[in-house]
Amino acid sequence: MKRLNLLFLIIIFVLLVGCSKTPEKLSQYNFKQGVAEMRIDFIDRAPPEEIYPNSDFKMVVQLDNQMGYDATTIEVNFVGLNRKYFDVSPPDKGNPQQSLDLLKGRSITAPDGDKKYFDFSGNSGDLFQNAEEYLANYFLTLSYFSKIEFTDTVCINPNIYEIYDSGCKFDDLKSYSGQGAPLAVDEIEEIILPGDSPEIEFRIRLKNKGKGKIKLIDFDSAKLGSESLNCKFQNSNTDLTIELKKEKQEAILICSKTLKEKVSYTTTLLLDFTYQYELEKKEKLKIIK
Amino acid sequence: MGKLSGLMGALKGSGAAKGIGSVAGGALGKAAGGVGSAVSAGGSAISGAGFAAGATAIKETTGALRTVSFLMIILGVIHYTLRVMGISGVTTILSLLLFILAGYALSSKLDTDRWAVFIPMIIFFVWWYVFGSSGESTFLMYYGTFSALFYIVPLIFTKGQAIKPELYGLLPVFFLFMDVGLVSFIAKEFGLTSTPVLKNLVLFMPWWAFFGLMTLPTKKEGPGAFLINTAKIVGILYIIFTILIPSMPSVAYAQDGVLPTMTEFEKTQADARAELGKNSANPAVLNWKCFIEGRYTDLPQCVEEKKEIAEIEYICEHEERYKPGTTSYKKCVVKQQEERNKGITQISGSIDPTIKMPTTAKLVVSDYFPKKTFQVGGKTTAKFPIELEIKNPRKQEGIEVIITCNFVNNRIRDGNYLGKVSGGNSDDPAVLSINGELEISRSFICEPELPNDEYLNGSYEINYNATFINLVTKSRLQRAFIGDEKDEVWKKEWIPKIMKAHFSGSNAKSQAPADFARMNFAFGNPIEKPIIEGSTGMLLSSNIENVGSGTILEVSKYNIDLSGDEPADLLGVKPECVGSTTPVKGSSKYNKIIYLPTCVIKTVPDNLKNPPNYIFKEYEAEITYDYQINKKVNMEIVVVEG
């Protein structure tokens, strides 16, 4: 019995050890896989945990692009800070803000992704009367545009009733883990409409797998091999753009094409999207006596 | 003693009477004897009146043993009524009697050994009443050891079974404290603001009656079950409406002696009753009235409306002294309503939790105060000191405190004499100037100013008054501006976030230190909503609230600063809405709020009209006012012929 227990433990150990990642050559590493997003954080002690009245302080925001894509039109805002207690600059229309045009994503030349630091200068005000402290809740918000590229090999079988067709194996539903961004092509359903002029339809489910919120998705292009697909978003007023609600961070794009071939074959499916992403973090600043 | 035994015998037979008789002791037994006869009489009345059916039903179902709970309810109500009427001597004796009955009722309810319940009661009672709640360590060591034996021995003999009744025995102790005025005492000692729950606990809780209700026997069926269960439900509803609906204040307590005496407790309770105002309507009654009227959906509003009507009626009847039903009385009611309607929305404020040290002051009677003075001859030479303790944590300057006193003997015609005060400034001994000192503790002497041929003889009440001139208290209010172009999606996402981040708890209300008075103010549309949507049509409402135990004599000026930290003012507000340098009449003892006009804010500064996300701002208001606190002290002068 004891030997059996020991064996069981060894099996668990082996299984756990087996989970470790085998080193992969950088040149072969695909940065456009899994779920990744832009990280935003304050650097240590900027701002300090507690601030004295009428003193200067720094708030340094670090942006770290962990996505496999570049981010553009980046904006960082402090929202909800009471200027009477925390006068933070540079201000923009009432709230402190800084922006950046481009922050490169992870690639062979920059495997860790690009980083950028935003410096904000602050000055604390007086406490109200003889208050012991003032605790301010506020939001650190980040907004940017980025894109995703999706590529996969698919089997096209225009004649699904042809049992003697010894071509590729048709897969009607495929799932994906991500493409190196918060927005991901999560699932593709492939439907063949057979007949004299057979058609193929791809139902592509896009999903936000990040911590933030996708505000809108623009469809850029879809190609099957070298030929373009006709696509439109389901439940969208404009076919090529969709605005996502906070409570439903997913969309379905339907792409179709009339097939010329009569036999099964494999080809690549290429999809490109641009999206606007927003992330906010609740932060605190405290003035003490 | 015999009468008490008789009462107990009627309750549970002679055995019970012996048990209680031995606890009560001689003096107490005598005192309780008188009450016993009253109770017997009351009992007879009950059996002959409307309660007869109920009492008989209980008798049928629960037996004579358990009717002690029912008796407690009746006695508790009588006791409560006497307390409300301000009769103190009998209530003290009734308290003690009910304390003993409580032990008896509890043991019957628990169906356990009576002695185990009585052990902690006796230990506590002896310590508190007999030894004056001595905190002296040697005594406590002896007393504690001795008491522990009482606790432990039953545990040994019952193999631990006695622990439950022994612990339950602490319940009557708690109720005794609550009944004699623990809440009022704590509130007074710590200067707690009279919150609704505090007010209700002091004014509307017949503690012993509730104890009786709690210990009523459980009966699921039978003729008495309906009566018992109805009584219980009514009791629970009463507690819910009186205590649970208002929020609880946090209290803490520490003092030199371990516990105050019963007299001290009862004195503070009597003072608190007088101070909280007889105009307060019973919340349970109001809630029921609203229920009956079918106002289930706006119950809190209905209660508030009825409370306001009750307050107005009280002011017109008791303060303005108009006879109800007369034209003058009706005019007074209309005038009061108009006064209050100046503020369409009756806004409220709260204590700023970040300000731990408010400006406070109290008149303290020293241990050396001559409560009884023997005077030889016909000239009063006695002097009566009072200590004024002021905490001025914000180092306010230019405050003057005027001390006055007078001697009152209500039994003598024209028995009211002014007093002469000394101990203040060198140029005016009745005045104390405060110029930024953090803490001041100063003794003042009061001596009667009598015509040459008169002197004090007998019992008098000295009224000390301290009037503070030029006190300043600031309030602040926070608001978030989202502008008028945000779509529903944005609002649905961000409004809950803003509320959670900035307006949790009482942060949506204006906040001020727990000084004597404060300005409550709010604006928005609706006023109480802290998130300002759009840029027009907001209402601004304000009032000045007396949150201390004294009286606002006058508000010399007030100001609401709507500019915040921005250069542009919120526009289109009438000047009288945001400030006045014309003195405003103070609050009365019964009417704690001075209503100020409600106005429209026509627009907001440009930068707040459509911010990219939202802008969070804070506004301040300030009042300068005169405030009076007072203290009444009883003393006696015995004139001895020389």
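**Chatting through chain B and its contact with chain A**

Colleague: Hi! Over which residues near 246-257 of chain B does pLDDT stay under 50, and how many contacts does the model have there?
Modeller: Over residues 246-257 of chain B, pLDDT (the predictor's confidence in each residue, from 0 to 100) stays under 50. The model has 20 contacts for them beyond four places in sequence, a contact being two residues whose C-beta atoms, placed from the backbone, lie within 7 Å. This is a predicted model, where local features need pLDDT of at least 70, side-chain atom pairs count only at pLDDT 80 or more, and totals for chains, interfaces and linings use all residues. Residues are numbered from 1 along each chain as its sequence is written, with chains lettered from A and ligands numbered from 1 in the order in which they are written.

Colleague: Thanks! What is the mean pLDDT of chain B?
Modeller: It is 75, with 71% of the residues of chain B at 70 or more.

Colleague: And which elements of chain B have the lowest and highest means?
Modeller: Helix 2 (residues 14-48) of chain B has the lowest, 35, and strand 10 (residues 510-512) of chain B the highest, 95. Helices (H or I, at least four residues) and strands (E, at least two) are DSSP runs, numbered from the N terminus. In chain B, pLDDT is below 50 over residues 1-55, a stretch with 63 contacts in the model beyond near neighbours in sequence.

Colleague: What about the complex, what ipTM does it get?
Modeller: The predictor gives an ipTM of 0.82, along with a pTM of 0.63.

Colleague: Switching topic: how many helices and strands are in chain B?
Modeller: Chain B has 20 helices and 19 strands. Of its 642 residues, 35% count as buried, meaning 20 or more other C-beta atoms within 10 Å of a residue's own, with C-beta atoms placed from the backbone.

Colleague: Is strand 11 of chain B mostly covered or mostly open?
Modeller: Mostly covered: 8 of the 8 residues in strand 11 (residues 517-524) of chain B are buried. B:Ala517, B:Met519, B:Phe521 and B:Phe523 point one way, and B:Arg518, B:Asn520, B:Ala522 and B:Gly524 the other.

Colleague: Which strand is joined to strand 11 of chain B by 8 bridges?
Modeller: Strand 13 (residues 536-546) of chain B, running antiparallel to strand 11 of chain B. One of the bridge partners there is B:Ser542, opposite B:Phe521.

Colleague: Last one: how many residues does each chain give to the contact?
Modeller: Chain A gives 21 and chain B gives 25. On the chain A side, strand 8 of chain A gives the most, with 3 residues.

Conventions: A residue is buried if 20 or more other C-beta atoms lie within 10 Å of its own, exposed if 12 or fewer, and partly exposed in between; C-beta atoms are placed from the backbone. Two strands pair if DSSP finds at least two bridges between them.
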